[in-house]
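Thank you all for coming; I would like to walk through one model this morning, going helix by helix and then turning to the loops and the ends. Please have the sequence and the coordinates open while I talk.

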Amino acid sequence: MKTFEELGVSPEILKAIEEMGYAAPMPVQEEVIPYLLGENNDSVALAQTGTGKTAAFGLPIIQKIDVRNKVPQSLVLC
């Protein structure tokens, strides 16, 4: 099993994840996080409730958002 650090999550986000008590990524997160941290990738992930999909999408979005750029930078459809 990989760590969030091995998936490419930034140190600032790693600190927040650790403070929340998460130790290891869920399987969907192991697949989705590195892919979305790549260049301009779109993704669809289907998994049961409670499998970590929100963090799988949310962590890369938070990491890649440029807060100085005041235009939409991501889109999540549910």
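Before anything else, let me fix one term: I will call a residue exposed when its relative accessible area is over 50%, buried when that area is under 20%, and partly exposed in between. What you see is a predicted model, and everything I say about it is computed from that model.

With that cut-off in hand, take K15, whose relative accessibility is 53%, so that K15 counts as exposed. Its partner is E19, which at 61% relative accessibility also counts as exposed. The side chains of these two residues form a salt bridge, with 3.8 Å from N to O. As for why they can meet, E19 and K15 are 4 residues apart in helix 1, which runs over residues 11–19, and that spacing corresponds to about one helical turn. The general background is that an α-helix has 3.6 residues a turn, so residues three or four places apart point the same way. It is also true in general that side chains of opposite charge can pair when their charged atoms come close.

How many salt bridges does the model contain in total? The count comes to 2, and the other one joins R68 and D66, at 3.1 Å from N to O. Here the accessibilities are 70% for R68, which is exposed, and 27% for D66, which is partly exposed.

Let me stay with helix 1 a little longer, and look at its two sides. The buried residues in helix 1 are I13, L14 and I17, and, seen down the helix axis, they fall within an arc of 105°, so they line one face of helix 1. On the other side of helix 1 we find P11, E12, K15, E18 and E19, which are exposed, so both members of the salt bridge I described, E19 and K15, are in exposed positions by the cut-off. Part of what covers the buried residues of helix 1 is helix 3. Just after helix 1 comes G21, which has a positive phi, near 95°.

Now to helix 2, residues 27–36, where V28, Q29, V32, I33 and L36 are buried. These residues cover an arc of only 100° around the axis, which places them on the same side of helix 2. P27 and E31, on the other side of helix 2, are exposed.

What do the buried residues of helix 2 pack against? They pack against helix 3, which spans 53–64. The axes of helix 2 and helix 3 come within 8 Å and cross at roughly 25°, and the two helices are therefore roughly parallel to each other. The crossing of helix 2 past helix 3 is right-handed. On the helix 2 side the contact is made by V28, Q29, V32, I33 and L36, and on the helix 3 side by K53, A55, A56, F57, L59, P60 and K64.

One residue of helix 2 that I would single out is Q29, which at 6% relative accessibility counts as buried. If we leave aside its neighbours within four places in sequence, Q29 is in contact with F4, L7, P34, G52, A55 and A56.

Turning to the loops and the ends, N40 sits in the loop between helix 2 and helix 3. N40 has a positive phi of about 50°, although it is not a glycine, and with a relative accessible area of 73% it is exposed.

In the segment before helix 1 we have E5, which is exposed, with a relative accessible area of 59%. E5 and P25 are 20 residues apart in sequence, and their C-alpha atoms are 9.8 Å apart in space.

In the segment after helix 3, finally, there is V76, which is partly exposed at a relative accessible area of 48%. V76 and K15 are 61 residues apart along the chain, and 24 Å separates their C-alpha atoms.

That brings us back to K15, where I began, and I am happy to take questions.

Methods
Residues are numbered from 1 along each chain as its sequence is written. This is a predicted model: local features need pLDDT of at least 70, side-chain atom pairs count only at pLDDT 80 or more; totals for chains, interfaces and linings use all residues. Side-chain values use heavy atoms; hydrogens and water are left out. A salt bridge is a side-chain nitrogen of Lys or Arg within 4 Å of a carboxyl oxygen of Asp or Glu. Buried means under 20% relative accessible area, exposed over 50%, partly exposed in between (1.4 Å probe, protein chains only). The arc is that of the directions from the helix axis to the C-beta atoms. Contact means heavy atoms within 4.5 Å. Axes are lines fitted to C-alpha atoms, for helices over the stretch in contact, and angles run from 0 to 180 degrees between N-to-C directions. Angles under 35 degrees count as roughly parallel, over 145 as roughly antiparallel, 65 to 115 as roughly perpendicular and the rest as oblique. A crossing is left-handed if the near helix is turned anticlockwise from the far one by less than a right angle, and right-handed if clockwise.
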